[in-house]
Each structure stands twice: as structure tokens, then as C-alpha cells.
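I sat down with this one to see how the strands go together and what sits in the middle. My notes are below, in the order I looked things up.

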Amino acid sequence: MQPPNSTLSRRQLLQASAGLPLVLSVPGVAQPAQATAANAAHAATPAQSKPDYALNIKRETIAPLGVPTEATLINGTLPGTEIRYREGDLFRVLVNNRLQSPTSVHWHGMIVPNYMDGVPGVTQMPIASGDAVLFEYKLRQTGTYWYHSHYGFQEQTGLSGPLIIEARDESESYDHDVVVAMSDWLNQPPEGIIPQIRGQWPATAAVKPPPGKYTFPGDKVFNVDINYPGYLINGKSNNSPWSLKVRRGDRVRLRLINSSTATFFRVALDGHELRLIAADGQDVEPLTLNNLVVGAAERYDVVITVKQSGSFTLHAAALGTNQQVVGVIHTADAAPKTNMKSPEFKGTSGGMADYAALRSPHPTTLPEGPLKEFKIDLGGQMMKYLWSMGGEYYPEPFAPDGKATPLSIRYGDRVRIRLTNSTMMYHPMHLHGHFFRLLSKAGTVDDATAPLKDTVAVGPKQEVVIEFTADNPGNWFFHCHNLYHLAAGMARVVRYEV
Ligand SMILES: [Cu+2]
């Protein structure tokens with residue numbers, strides 16, 4: 001165990017003794033050898049080398065849409081530093097809080113030990129101003145993930161970044177491996193959005209969404225709460241679009257990450273088909289698509305083959321709005337040139353527009369176990385802007401009186417959750433610490449190749465069934481990944497009974 005150490009405060013010792021990550025009060029780069037309770041548990045390990053990545057979180061003013069806005073940035077960039085590992089590596093990342101306020105970082109989609117999950121109030125204390133925490137765990141997966149703050153509205157103001165784990169033996173070959181992180185951006189503090197929607201504050205343009213021309217495939221209306229002034233690809237708006245230089249004939253793996261707080265994007269690349277090879281980090285049977293929809297917090301990996309010399313616009317249309325954000329993929333002999341015409345999105349649509357088409361390349365059937373079933377309705381009170389799971393509100397900043405019953409499970413259970421949606425909005429539901437099988441067709445619980453995901457968007461009046469084996473003990477957040485729905489109560493904790 002951790003020996004008594006005179007440099008630790010009483011609070012730190014309390015946290016350490018509670019089995020929580022130990023927080024060091026060291027400005028700048030901390031001494032990682034002492035940084036976590038996890039290290040303390042491995043007392044035989046001598047002093048470790050430096051972390052692989054240090055995420056220095058600071059408040060800065062930036063203007064991605066041309067309007068200076070307060071942002072919460074990692075190492076000064078938007079999105080934050082790309083973390084890239086290889087299969088089987090040890091994850092060693094230091095989070096340095098240089099804000100005046102607390103923070104937290106959650107590793108989205110990662111199968112982490114519970115106390116590394118980064119959810120304040122569920123798995124750890126917030127990281128206090130000036131403190132640093134080393135996150136260390138053995139990587140048990142490959143694919144495209146991301147990380148983001150789970151504290152307040154920091155995620156909306158820039159605190160997120162890509163997290164990539166390359167497989168040692170990738171099934172596809174490609175010449176470029178590139179992250180395309182899509183996000184929504186506000187020119188105002190996000191804390192004011194919910195009071196405006198509730199009519200408690202004077203409304204700005206951001207809370208008056210006009211009817212949007214970009215609909216869900218099949219011309220279905222897509223409702224949004226927020227009228228964002230703009231959207232970004234890899235931190236860049238249409239004012240200076242993100243671009244990628246390639247050669248004719250190149251194969252390019254695009255790791256599409258929807259790191260927005262509320263927006264669903266429909267994506268297409270002019271003149272090219274998209275070969276979908278992975279969803280939420282997990283391989284799927286390849287599909288040839290013309291466009292796809294990426295729900296908030298989802299990831300889809302596509303491979304494109306650059307057919308000819310030229311400049312090809314990557315369109316990401318924000319569903320429910322009249323806006324798209326573009327990027328450009330161009331060959332070296334062609335200048336990057338954007339096509340700002342509205343994409344028509346002809347042909348086959350995939351991703352979250354057709355979950356049933358996603359097939360795992362290997363069986364995902366679960367081991368036998370005591371069946372534990374839950375039925376949870378996603379609901380809310382529109383006029384009050386409160387969002388619920390199973391009629392209960394999780395105590396969050398905009399649902400302070402909420403009280404939500406944990407979903408109690410036991411190690412070894414086969415947990416099946418039936419989600420219904422009685423609201424008029426999509427809810428991108430995310431379970432921490434586990435992959436679940438997505439049983440998109442009713443009555444398909446025996447479906448051997450159901451895809452594994454960590455986030456599933458449940459549409460208005462839709463029903464979705466997910467199931468997973470309870471094999472990672474702890475308290476795990478299960479919530480809507482629309483940050484404003486979460487802040488107004490849409491969450492539960494899945495709790496392993498001991
Ligand atoms: Cu929601």
C-alpha cells in the first residue's frame with residue numbers, strides 16, 4: 001500500500017484510502033511514479049518513466065467561427081492531442097488541470113478498471129484546480145475511440161480528443177490513417193443554453209432552431225434543441241476547411257468521430273463510395289455506402305480509394321439544420337477546392353441510419369448467465385426541459401432534485417436492457433466500461449453476429465434492445481450522450497452488487 005507521505009494532503013490520503021485515483025498537487029508535470037493508487041497497488045514496480053502523453057488543460061480564447069470564445073483546451077489545440085497506441089500497450093496518460101475549476105477526463109469506449117473511468121461522483125473525485133492524475137491501464141482492445149471531459153459543459157468548449165489503438169494485424173490495408181473529428185461549436189457559454197430553452201433567460205439565436213433541410217434518411221424530421229452557429233471538422237470551420245493531401249490510387253482510412261455534444265452528422269465524400277469497416281472501434285463486415293449518419297459520440301471507420309486526380313469535398317451535414325461543415329481531400333496535383341453545394345445524399349445510407357446492416361465478423365453471443373432484464377423508457381417533460389430514464393432524473397446541474405435508482409446487477413449476469421423512447425428526439429445512449437450487443441431487430445436475441453457497440457441512438461418511438469455480460473465490476477455511468485439531456489437528468493448508474 002501507499003506509505004505515509006508527508007507531501008500528501010489529508011484529502012489526497014482520504015481519496016487514496018478510498019481506492020480512488022490519488023491526486024497530486026503538483027503544478028506542471030507531476031511525478032508520475034507516485035501518481036495513482038493503481039501504482040501504489042503495484043508497489044513492486046520501481047519508479048516509472050514519464051507518461052506517454054501529458055494533457056495540459058487550460059482556458060484559452062479562440063475563434064473557430066470568427067467570434068472570440070472562451071474554450072477549454074488540451075495542450076492548446078482543438079480537438080485535443082491525438083492519443084495513439086498499439087494493441088496491448090500500457091496506457092499511461094497524465095491529465096494536468098491548469099484550470100481555475102475542477103475537471104475530469106473519461107476515456108469513451110475503453111474497457112478500463114472502474115476507478116480509471118473519469119466520471120465525477122460515480123467513479124472518482126473531480127480533478128481539482130492545479131492537480132494532476134496519471135491514468136494507467138493495460139489496453140484490452142483496438143479501434144477508434146475518443147476522450148472528453150465529464151465535468152460540467154467542458155466538453156462543449158473543447159475538452160475532447162481522439163484516442164486510437166492500432167491493431168497489430170489490421171484486416172484492411174491503407175496508405176493513410178486519419179482522424180476526422182466532427183463537432184458543434186457555440187459562440188457563447190454553454191451554461192446559458194438550458195436556462196434559455198426553459199425561458200428563464202432571454203433567448204439567443206442558439207435556442208431557436210429553424211426547420212432544417214438536412215433530414216434523417218427517408219426524409220424523416222430530425223428534431224434539435226440548439227441552433228449552433230457552426231460546426232467543425234478537426235477544429236476547423238468552413239472559413240478554413242480541414243484538408244488532406246493524398247495521391248491518386250491511395251487508400252485512406254478515415255476514422256469518423258462524432259465528438260459533438262448534441263449533433264448527428266450525415267457524411268458523404270464527393271465522387272467516392274465509403275467502405276465501412278468498423279463501428280465504435282469494433283470491426284464490422286465491410287459495407288459499401290454512399291453516405292452514413294454518425295450519432296453523437298459514435299465512431300465509424302471508412303476506407304476510401306482515391307479514384308482520380310482532383311479535389312473532393314467531405315460533407316458533414318448537421319441533421320435537423322440547414323448547415324454543413326466541409327473538409328477537402330485532394331491529390332497533390334490539384335488545389336484544395338471546396339464544393340459548398342448541399343449534398344443530395346443519394347444511394348445507400350448506413351451507420352446509425354441502418355443499425356440492422358451492421359454485422360460483426362465473428363460471433364458475439366454471450367456466455368450463459370443468470371438473465372437480468374431491465375426495461376427503461378427514455379422520457380422527459382418538454383416544457384420544463386427535463387430528461388428522464390425510466391421516469392427518474394439523475395441528479396445533475398439542471399436536475400438538482402433528481403433521484404435515480406441504480407440498475408443493480410451481479411458479476412456474471414447476462415444483462416439485457418430494453419430501451420423505449422417516448423420523446424420526439426434521438427437519444428445517443430452510452431454505457432461505460434462495457435461493449436454491448438446491439439439487437440436492433442425485435443426478437444433477435446439469438447442473433448449470432450449482432451454488432452458490439454458502446455453507444456446506440458434510440459429514435460423517437462423506437463425500441464432498442466442491448467445485452468452484455470457483467471464482467472467488469474464497479475459503478476458505471478449509463479446515459480444520454482446529448483450533453484444537455486444529460487445535464488437535465490438523463491442518466492443512471494449500473495451498479496455491481498458485491
Ligand atoms: Cu438524449
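These entries go from the whole chain to the sheets, then to a few strands and residues.

**Entry 1: overall**

I'm working from a predicted model, so I checked confidence before anything else. The mean pLDDT of the protein chain is 90, and 89% of its residues reach 70 or more. The weak spot I noted is residues 1-44, where the pLDDT is below 50. That stretch still has 65 contacts in the model beyond near neighbours in sequence.

Next I looked at the make-up of the chain. I found four helices and 31 strands. Of the 498 residues, 49% count as buried. I also looked up how far along the chain the contacts reach. Taking contacts with a separation of 6 or more, 74% are between residues 24 or more positions apart.

**Entry 2: a sheet with E10 and E15 at its edges**

In what order do the strands of this open sheet run? I read E10-E9-E12-E17-E14-E15, six strands with mixed pairing. E10 (230-233) and E15 (282-289) each have a single partner strand, so one side of each is left without a neighbour in the sheet. On average, neighbouring strands here are turned by 25° against each other, direction ignored.

I zoomed in on the E10 end. E10 pairs with E9 (residues 176-185) in the antiparallel sense, over four bridges. To place the register, I noted that Asp-184 has Tyr-231 in E10 as its bridge partner.

**Entry 3: a sheet with E11 and E20 at its edges**

Another open sheet of six strands has the order E11-E19-E18-E13-E16-E20, and its pairing is mixed. Its edges are E11 (242-246) and E20 (349-351); each has a single partner strand, so each has one side without a neighbour in the sheet. The twist from one strand to the next averages 25°.

Inside this sheet I followed E18 (residues 311-318) and E19 (residues 324-331). They run antiparallel and are joined by seven bridges. Thr-313 stands opposite Val-328 in E19.

**Entry 4: around E24**

I moved on to E24 (residues 414-421) and asked which residues lie on its covered face. They are Val-415, Ile-417, Leu-419 and Asn-421. The uncovered face carries Arg-414, Arg-416, Arg-418 and Thr-420. The textbook reminder I scribbled beside this: side chains in a regular strand alternate between the two faces of the sheet.

E24 has a parallel pairing with E21, over eight bridges. In that pairing, Leu-378 stands opposite Asn-421 of E24. E24 also pairs with E29 (residues 463-469), this time antiparallel and over seven bridges. There, Ile-417 has Ile-466 in E29 as its bridge partner. So two residues from the covered face, Asn-421 and Ile-417, turn up in the register notes.

**Entry 5: Gly-379**

Gly-379 is in strand E21 (residues 371-381). Is Gly-379 buried or exposed? It is buried, because 20 other C-beta atoms lie within 10 Å and 20 is enough to count as buried.

I listed what Gly-379 touches, leaving aside neighbours within four places in sequence: Ser-388, Gly-391, Ser-422 and Thr-423. I also checked Gly-379 against Met-490. They are 111 residues apart in sequence, yet 8.5 Å apart in space, C-alpha to C-alpha.

**Entry 6: E25 and its two partners**

How many residues of E25 (residues 427-431) are buried? Five of its five are, so I put the strand down as mostly covered. His-427, Met-429 and Leu-431 point one way, while Pro-428 and His-430 point the other way.

E25 runs antiparallel to E28 (residues 455-458), with four bridges joining them. Met-429 stands opposite Val-456 in E28. E25 is also antiparallel to E30 (residues 475-480), through three bridges. On that side, His-430 stands opposite His-479 in E30.

**Entry 7: the nonpolar core**

Last, I looked up the largest nonpolar core, which has 139 residues. Which members touch the most other members? Val-95 and Ala-488 do.

I followed Ala-488 further. Not counting residues up to four places away in sequence, Ala-488 touches Ile-194, Tyr-385, Leu-386, Trp-387, Glu-396, Phe-398 and Ala-399. As general background, nonpolar side chains tend to be buried together in soluble globular proteins.

Methods
Residues are numbered from 1 along each chain as its sequence is written. This is a predicted model: local features need pLDDT of at least 70, side-chain atom pairs count only at pLDDT 80 or more; totals for chains, interfaces and linings use all residues. Two strands pair if DSSP finds at least two bridges between them. Axes are lines fitted to C-alpha atoms, for helices over the stretch in contact, and angles run from 0 to 180 degrees between N-to-C directions. pLDDT is the predictor's confidence in each residue, from 0 to 100. Two residues are in contact if their C-beta atoms, placed from the backbone, lie within 7 Å. A nonpolar core is a set of buried Ala, Val, Leu, Ile, Met, Phe, Trp, Tyr and Cys residues joined through C-beta atoms within 7 Å. A residue is buried if 20 or more other C-beta atoms lie within 10 Å of its own, exposed if 12 or fewer, and partly exposed in between; C-beta atoms are placed from the backbone.
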